[in-house]
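Reader: I would like to go through the labels used for this structure and hear what each one rests on. Please set the values against the cut-offs.

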Amino acid sequence: MTQIVVGENEALESALRRFKRQVSKAGIMPDLKKHRHFETPLEKNKRKAKAVANSRRYKKRFRSS
């Protein structure tokens, strides 16, 4: 769980900026987006297959030249 302590003289904007940075580092937003809607098994398999294909394409492109 992400949490920040707001200083006594700290502006709300800077505290919010720190909070957003910690949330993005923790990877919470992608997880939220993934669980926002129910994903059928077919959609899940398609998403995973696409991720594997992208990974293979990346590895093939940047293998030792």
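Reader: What makes helix 3 a helix that lies largely in the open?

Author: The model is a predicted one. Buried means under 20% relative accessible area, and of the 21 residues of helix 3 the number that are buried is zero, so the helix lies largely in the open.

Reader: How do you know what span to expect of helix 3?

Author: The expected span is 1.5 Å times one less than the number of residues. Helix 3 covers residues 41–61 and reaches 30 Å from its first C-alpha to its last, close to the 30 Å expected.

Reader: How does helix 1 fare on the span expected at 1.5 Å a residue?

Author: Helix 1, residues 12–26, has 15 residues and reaches 21 Å, close to the 21 Å expected. Gly27 follows helix 1 and has a positive phi, near 75°.

Reader: Why is the chain written as α-α-α?

Author: The chain has three helices and zero strands. Read along the sequence, that gives the pattern α-α-α.

Reader: What is the radius of gyration of the chain, set against that of a compact globule of 65 residues?

Author: The chain has 19 Å, whereas a compact globule of 65 residues would have a radius of gyration near 11 Å. Along the principal axes, the C-alpha atoms fill a box of roughly 50 × 40 × 15 Å. Of the 65 residues, 5% count as buried. The accessible surface comes to about 6,600 Å², with 56% of it belonging to carbon and sulfur atoms.

Reader: What makes the contact of Glu10 and Arg18 a salt bridge?

Author: The cut-off is 4 Å between a side-chain nitrogen of Lys or Arg and a carboxyl oxygen of Asp or Glu. Glu10 and Arg18 meet at 3.1 Å, N to O, so by that cut-off they form a salt bridge. The count comes to two salt bridges. Arg47 and Glu39 meet in a salt bridge as well, at 3.0 Å, N to O.

Reader: Why are the side chains of these bridges called partly exposed, rather than buried or exposed?

Author: Partly exposed lies between the buried limit of 20% and the exposed limit of 50%. Glu10 has a relative accessible area of 25% and Arg18 has 27%, so both are partly exposed. Arg47 at 36% and Glu39 at 23% are partly exposed too.

Reader: Why is the aromatic pair of Tyr58 and Phe62 called tilted?

Author: The count comes to one aromatic pair. Tyr58 and Phe62 form this pair, 4.7 Å centre to centre, with 50° between the planes. Rings pair if their centres lie within 6.5 Å, and planes under 30 degrees apart count as stacked, over 60 as edge-to-face and the rest as tilted. The angle of 50° belongs to the rest, so the pair is tilted. Tyr58 itself counts as exposed, because its relative accessibility is 55%.

Reader: What makes Ile28 fit for a nonpolar patch on the surface?

Author: A patch residue needs over 30% relative accessible area. Ile28, found in helix 2, has 31% relative accessibility and counts as partly exposed. Ile28, Met29 and Leu32 form the patch, with about 240 Å² of accessible area together.

Reader: Is Asp31 buried or partly exposed?

Author: Asp31, also found in helix 2, is partly exposed, because its relative accessible area is 38%. The C-alpha atoms of Asp31 and Lys46 are separated by 18 Å, with the two 15 residues apart along the chain.

Technical notes. Residues are numbered from 1 along each chain as its sequence is written. This is a predicted model: local features need pLDDT of at least 70, side-chain atom pairs count only at pLDDT 80 or more; totals for chains, interfaces and linings use all residues. Side-chain values use heavy atoms; hydrogens and water are left out. Patches are made of residues with over 30% relative accessible area and no salt bridge: like charges are joined within 9 Å, nonpolar side chains (Val, Leu, Ile, Met, Phe, Trp, Tyr) within 5 Å. Accessible areas come from the Shrake-Rupley method with a 1.4 Å probe; for residues, only the protein chains shown count as cover. Helices (H or I, at least four residues) and strands (E, at least two) are DSSP runs, numbered from the N terminus. Buried means under 20% relative accessible area, exposed over 50%, partly exposed in between (1.4 Å probe, protein chains only). Rings of Phe, Tyr and Trp (its six-membered ring) pair if their centres lie within 6.5 Å; planes under 30 degrees apart count as stacked, over 60 as edge-to-face and the rest as tilted. The radius of gyration is taken over C-alpha atoms; the globule rule is 2.2 Å times the number of residues to the power 0.38.
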